[in-house]
Amino acid sequence: MQINNHFAIGLILASITHYFFDFTLLEFSMICFFSFVSDFDVIFTKFAIDQNHRNLFTHSIIPSIIIIIIGVLINWIALIISGISYFIHILVDTFDWGTNLFYFGHRNVGLRLLISKEEQENLIFYLGQYKNPASFFDFKRYRSKIWLSMNVIIFLLMMIFVLIYALEYSYLISFYFISLFFHLYRHFHLKKIEAS
Ligand SMILES: [Zn+2]
C-alpha cells in the first residue's frame, strides 16, 4: 500500500484507541507515525535482496514485536499501540506485493494480489518493457479495481473514525492529502516518462 493508505489505517487505529486511552497529541501522532515509518527504508533499497525494500529487516514483523515489548516493559500504552500500528503496516503489505514477513526465511510472503506468479517468474522481462522499471509496479496498482476500491474504503473509514472518536486531532488528516499528492504526482510523472 502507499503511504497515504498506511497513514489512514494508523489514524483509524489511533482514533479508536484514543476513545479508550485519551492520548496526548504526541502519543496520538506517534501511533500515526509508526503506521508508515517503515516505508522510509526505501533509502536502503540498494542493500536489499532483489533490490526490493520489502525484503529488508524493517519490513518484517520483528521491529513491531520489539516496540510492543518495550511498550509493555515501560508500561506505555501509546507505545504498545504504536507497535501494533507498525505490525498492521507489515501485514497490509502482504496483500499487494508481499513482504519478507519473518525476515530469516528471506522469502516474500503474502497474498500478493497485484502480481501474478507468471509475472513474478518473468519479472525482468516485464520490467524491461518500461523506460523506468518503477512504472510496472505503479501502473499495476492504478489499473487494479480491487486496489482502487480499497483506497476509497480506507479513506471513508478514516474520515468516519476520526470525526467520531478524535475530532480534536482531525487536522492530522492533512498529512493524508500531502502523501496522496506525492503518490499521484509520481504516478503522472511516470506516465509522462512512458509516453515520451
Ligand atoms: Zn511498506
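**View 1. Burial across the predicted model.** In this predicted model, 30% of the protein's 196 residues count as buried. Contacts tell a companion story: taking those with a separation of 6 or more, 63% join residues that sit 24 or more positions apart.

**View 2. Overall dimensions of the protein.** Measured out along the principal axes, the C-alpha atoms fill a box of roughly 50 × 35 × 25 Å. How does the radius of gyration of the protein fit with that of a compact globule? For 196 residues such a globule would have a value near 16 Å, and the protein's 18 Å agrees with this.

**View 3. An architecture of helices.** If you are tracing the backbone, expect nine helices and zero strands. From one end of the sequence to the other, the pattern reads α-α-α-α-α-α-α-α-α.

**View 4. Helices H3 and H4, side by side.** A packed helix pair is described by two quantities, the angle between the axes and the distance between them. Here helix H3 spans residues 62–73 and helix H4 spans residues 77–96, and their axes come within 7 Å while crossing at roughly 170°. The crossing angle is over 145 degrees, which means that H3 runs roughly antiparallel to H4.

**View 5. Residues where H3 meets H4.** On the H3 side, the contact is made by Pro63, Ser64, Ile67, Ile68, Ile70, Gly71 and Val72. H4 contributes Leu79, Ile80, Ser82, Gly83, Ile84, Tyr86, Phe87 and Ile90. Which classes of residue make up this contact? Eleven are nonpolar and four are polar, with no charged residues.

Technical notes. Residues numbered from 1 in each chain as written. Predicted model: local features only at pLDDT ≥ 70, side-chain atom pairs only at ≥ 80, totals over all residues. Helix = DSSP H or I, 4+ residues; strand = E, 2+ residues; numbered from the N terminus. Rg over C-alpha atoms; globule rule 2.2 N^0.38 Å. Buried ≥ 20, exposed ≤ 12 C-beta atoms within 10 Å, placed from the backbone. Contact = placed C-beta atoms within 7 Å. Axes fitted to C-alpha atoms, helices over the stretch in contact; angles between N-to-C directions. Parallel < 35°, antiparallel > 145°, perpendicular 65-115°, else oblique. Nonpolar A, V, L, I, M, F, W, Y, C, P; charged D, E, K, R; others polar.
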